[in-house]
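User: Hi! I have a structure open on my screen and would like to talk it through. Could you help me find my way around?

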Amino acid sequence: MNRDMLVIIDEAPLDLAILREIFKGLFHVECFEETRPAIACIHRNLSRVCAILLGIRPGKRKSGLQVLEQLQTAEKTEALPVVLFASDAKKEDVLHAVEKGAADFLIKPFNPL
C-alpha cells in the first residue's frame, strides 16, 4: 500500500480548509478538529499515513505538544513525521517541539508557493 495520506489536526476550520486545498493534489488529506478521532484514523491507516500536520493547540483537550508526545512514545506511531504549526510561536516553542521529536515547525499564515 502507498503512503499517500496526510493527517491534519487543528481546531480552526479555516486553517484546515486552507491546508486541505494546498495538499489535496499531492495526498489523500484527512482533516480533524479534535485529536481523538484523528489518533483513531492514524491507527486505522498506519500503512497509508505519510505525515501529520499538527496545530500546536489542536482541540480543547490536548495541546499539540501533548499529542506529539503521545505519537512519539507509541511504538506504532513513533516513526511518523509530525510537523507542528502555529501563528504565534515563540522561539522556545519551536525548539521545544523539535526536542520533543517534531520533524519541523511551520508558522502561519501558510504560503503554498
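Analyst: Happy to, and we can go through the core, a pair of helices and a few single residues; keep in mind that this is a predicted model.

User: Great. Which residues touch the most other members in the largest nonpolar core?

Analyst: That core has 22 residues, and the ones touching the most other members are Val7, Ile42, Ile52, Leu54, Leu71, Val82 and Leu84. Two or more residues each come from strand 1 (5–9), helix 2 (35–44), strand 3 (49–55), helix 3 and strand 4.

User: Which element gives the most to this core?

Analyst: Helix 2 does, with 4 residues.

User: And what other core lies apart from it?

Analyst: There is another one of 12 residues, and its members include Leu16, Leu19, Ala51 and Phe110.

User: Back to Leu71 for a second. What is Leu71 in contact with, leaving aside neighbours within four places in sequence?

Analyst: Its partners are Ile39, Ile42, Ile52, Thr77, Glu78 and Val82.

User: Thr77 is on that list, so where is the place of Thr77?

Analyst: Thr77 is in the loop that runs between helix 3 (64–73) and strand 4 (82–86).

User: Is Thr77 buried or exposed?

Analyst: Buried, because the relative accessible area of Thr77 is 1%, and the cut-off for buried is under 20%.

User: What is Thr77 in contact with, again without the neighbours within four places?

Analyst: Thr77 contacts Ile42, His43, Leu46, Gln70 and Leu71.

User: New topic: helices. At what angle do helix 2 and helix 3 pack?

Analyst: The angle is about 25 degrees, and the two axes are 12 Å apart. Helix 2 is therefore roughly parallel to helix 3, since angles under 35 degrees count that way.

User: Is the crossing right-handed or left-handed?

Analyst: Helix 2 passes helix 3 in a right-handed crossing.

User: Which residues make the contact?

Analyst: From helix 2 you have Thr35, Ile39 and Ile42, and from helix 3 you have Val67, Gln70 and Leu71. Sorted by class, this contact of helix 2 with helix 3 has 4 nonpolar and 2 polar residues, with no charged ones.

User: Let me click on Ile39. What does Ile39 touch, not counting residues up to four places away?

Analyst: Ile39 touches Val67, Gln70 and Leu71. For Ile39 and Gln70, the C-alpha atoms are 9.5 Å apart in space, with the two residues 31 apart in sequence.

User: Does Ile39 count as buried or exposed?

Analyst: Ile39 counts as buried, at 11% relative accessibility.

User: What about Ala38, where is its place?

Analyst: Ala38 is in helix 2. Ala38 is buried, with a relative accessible area of 0%. Not counting residues up to four places away in sequence, Ala38 touches Ile9 and Phe32.

User: How far apart are Ala38 and Asp10 in space?

Analyst: They are 10.0 Å apart, C-alpha to C-alpha, with 28 residues of separation in sequence.

User: One last residue: where does Ala17 lie?

Analyst: Ala17 is part of helix 1, which covers residues 13–23. Ala17 is partly exposed, and its relative accessible area is 44%.

User: And by how many Å are the C-alpha atoms of Ala17 and Leu106 separated?

Analyst: By 16 Å, and those two residues are 89 apart along the chain.

User: Lovely, thanks for the tour!

Methods. Residues are numbered from 1 along each chain as its sequence is written. This is a predicted model: local features need pLDDT of at least 70, side-chain atom pairs count only at pLDDT 80 or more; totals for chains, interfaces and linings use all residues. Side-chain values use heavy atoms; hydrogens and water are left out. Buried means under 20% relative accessible area, exposed over 50%, partly exposed in between (1.4 Å probe, protein chains only). Contact means heavy atoms within 4.5 Å. A nonpolar core is a set of buried Ala, Val, Leu, Ile, Met, Phe, Trp, Tyr and Cys residues joined through side-chain atoms within 4.5 Å. Axes are lines fitted to C-alpha atoms, for helices over the stretch in contact, and angles run from 0 to 180 degrees between N-to-C directions. Angles under 35 degrees count as roughly parallel, over 145 as roughly antiparallel, 65 to 115 as roughly perpendicular and the rest as oblique. A crossing is left-handed if the near helix is turned anticlockwise from the far one by less than a right angle, and right-handed if clockwise. Ala, Val, Leu, Ile, Met, Phe, Trp, Tyr, Cys and Pro count as nonpolar, Asp, Glu, Lys and Arg as charged, and the others, Gly among them, as polar.
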